[in-house]
Amino acid sequence: MRTAVSDPAAARRAELAAFLRARRADVRPEALGIDPLPGRRNTPGLRREELAAAAGVSVGWYTWLEQGRPADPSPQVIDALARALQLDPESHRHLRRLAGLPVPEINHMANGVGPQLARLLDTLEPAPACLIDLHFDFVSWNRPFTSIWAPESLPADRCNLMWLYFAKDTAACMSVGWEERGRRLLGQFRAAAAEHPADPRFAELVDALANESDRFAARWADNRVEKALTGQIAIRRPPAGIIRLDVTELTVAAQPSLTLCIQVPSRDTDKRKLRQIT
């Protein structure tokens with residue numbers, strides 16, 4: 001029986017309890033390398049005692065969670081339960097939400113970009129396209145993108161959109177209206193960094209960029225924020241001249257920490273010019 005919507009905290013605890021019971025039933029003791037407790041097993045999967053032991057919490061406290069009582073679990077305890085239950089990243093995020101905790105980021109680099117996303121990037125040609133992560137680090141790109149922006153030329157720890165724009169000045173040399181584009185891009189980066197104040201990668205990038213680029217340091221002090229970048233950019237590349245590209249950014253549903261950035265030629269003439277340089 002569901003808890004009344006008028007009590008959202010109790011409803012969330014009830015959903016948490018149901019989720020824990022269901023996932024506990026999915027895990028066999030042998031999968032955790034533990035000997036099953038003796039006695040007849042009335043339900044499939046782990047017993048509460050076995051899960052509590054695997055997660056390093058008391059049985060009584062864990063029972064409260066499964067009963068939907070107020071327990072205020074810490075992030076460390078919820079993450080320990082996620083490991084003991086062998087949850088995948090999406091289920092781990094869901095468990096965190098139900099516990100009222102910040103949602104952890106996916107470590108997408110552990111899995112890399114799968115063949116489906118790689119094929120998608122290739123299919124988008126002749127439009128330049130790339131995948132960036134939540135830190136604006138380049139993860140993957142297609143041939144037209146590398147022909148224009150050459151992310152592979154950046155140092156491994158600086159293969160980053162902000163570094164490309166501000167430290168290497170590639171975009172400053174190539175883009176028409178770079179100042180406005182750079183201001184908006186930095187505002188988007190600041191908004192992303194503000195969502196993850198304890199993330200060491202953001203802190204390291206900001207310090208490095210401020211030391212490397214006076215332009216970045218000056219604009220970072222403005223404290224402006226922006227939403228996702230869309231609209232049109234124009235790049236100048238001889239012998240083609242000015243090429244106008246419509247920019248679209250899409251979140252990858254299967255890996256929400258990744259953003260697909262596509263730069264579609266605005267007109268047929270822009271498509272022809274793009275082919276000259278790619």
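This is a dialogue about reading cavities, aromatic rings, a hairpin and some backbone angles in a predicted model.

Visitor: Let us start with the empty spaces. How many cavities of 30 Å³ or more are there?

Guide: A cavity is a place where a 1.4 Å probe fits but cannot get out. By that rule the count is 2 cavities of 30 Å³ or more. The largest has a volume of about 140 Å³, and the second largest about 30 Å³.

Visitor: Which residues are closest to the centre of the largest cavity?

Guide: The lining has 14 residues, and those closest to the centre are Phe-145, Leu-161, Tyr-165, Arg-181 and Gln-263. At least two lining residues come from each of α8, α9, α11, β5 and β6. Helix α9 gives the largest share, 3 residues. By class, the lining of the largest cavity has 11 nonpolar, 1 polar and 2 charged residues.

Visitor: What lines the second largest cavity?

Guide: Its lining is made up of Arg-183, Leu-186, Gly-187, Arg-219, Asp-222 and Arg-224. Here α11 gives the most, with 3 residues. The classes for this second lining are 1 nonpolar, 1 polar and 4 charged.

Visitor: Now the rings. What describes a pair of aromatic rings?

Guide: Two values do: the distance of the centres and the angle of the planes. This structure holds 9 aromatic pairs. Take Phe-216 and Trp-220: their ring centres are 5.4 Å apart and the planes meet at 15 degrees, so the pair is stacked. The cut-off for stacked is planes under 30 degrees apart.

Visitor: Where do Phe-216 and Trp-220 lie?

Guide: Both belong to helix α13, residues 214–220, and are 4 residues apart, about one turn of the helix. Phe-216 and Trp-220 are both buried. They also belong to one aromatic cluster, together with Phe-136, Phe-166, Phe-189 and Phe-202.

Visitor: A charge can sit over a ring as well. Which ring has the charged end of Arg-190 over it?

Guide: That ring is the one of Trp-220, with the charged end of Arg-190 at 3.9 Å from its centre. In another case, Arg-158 lies over the face of Trp-163, 5.0 Å from the ring centre.

Visitor: Next, the strands. How many bridges join β1 to β2?

Guide: There are 3 bridges between β1 (residues 129–132) and β2 (residues 138–141), and the two strands run antiparallel. Leu-131 stands opposite Ser-140 of β2. The two strands form a hairpin, with 5 residues between them.

Visitor: Phe-136 was in the cluster. Is Phe-136 buried or exposed?

Guide: The cut-off for buried is under 20% relative accessible area. Phe-136 has 5%, so this residue is buried. It is found in the loop between β1 and β2, and its phi is near 70 degrees, a positive value in a residue other than glycine.

Visitor: Which loop holds Gln-86?

Guide: Gln-86 is in the loop between α4 and α5. Its phi is also positive, near 55 degrees. With a relative accessibility of 46%, Gln-86 counts as partly exposed.

Visitor: Last, the peptide bonds. What kind of bond joins Glu-125 and Pro-126?

Guide: A cis peptide bond, with omega about 15 degrees. Pro-126 lies in the loop between α7 and β1. Another cis peptide bond joins Pro-238 and Pro-239, where omega is about 0 degrees. Pro-239 is in the loop between β4 and β5.

Technical notes:
Residues numbered from 1 in each chain as written. Predicted model: local features only at pLDDT ≥ 70, side-chain atom pairs only at ≥ 80, totals over all residues. Heavy atoms only, no water. 1 Å grid on protein atoms, 1.4 Å probe; cavity = no way out; pocket = protein on both sides within 12 Å on 5 of 7 lines; lining within 4 Å. Points joined across faces, edges and corners; volume = space filled by probe spheres on them. Nonpolar A, V, L, I, M, F, W, Y, C, P; charged D, E, K, R; others polar. Phe/Tyr/Trp six-rings, centres within 6.5 Å; stacked < 30°, edge-to-face > 60°. Buried < 20%, exposed > 50% of the residue type's maximum accessible area, 1.4 Å probe, protein only. Lys NZ or Arg CZ within 6 Å of the ring centre and 35° of its normal. Pairing = 2+ DSSP bridges.
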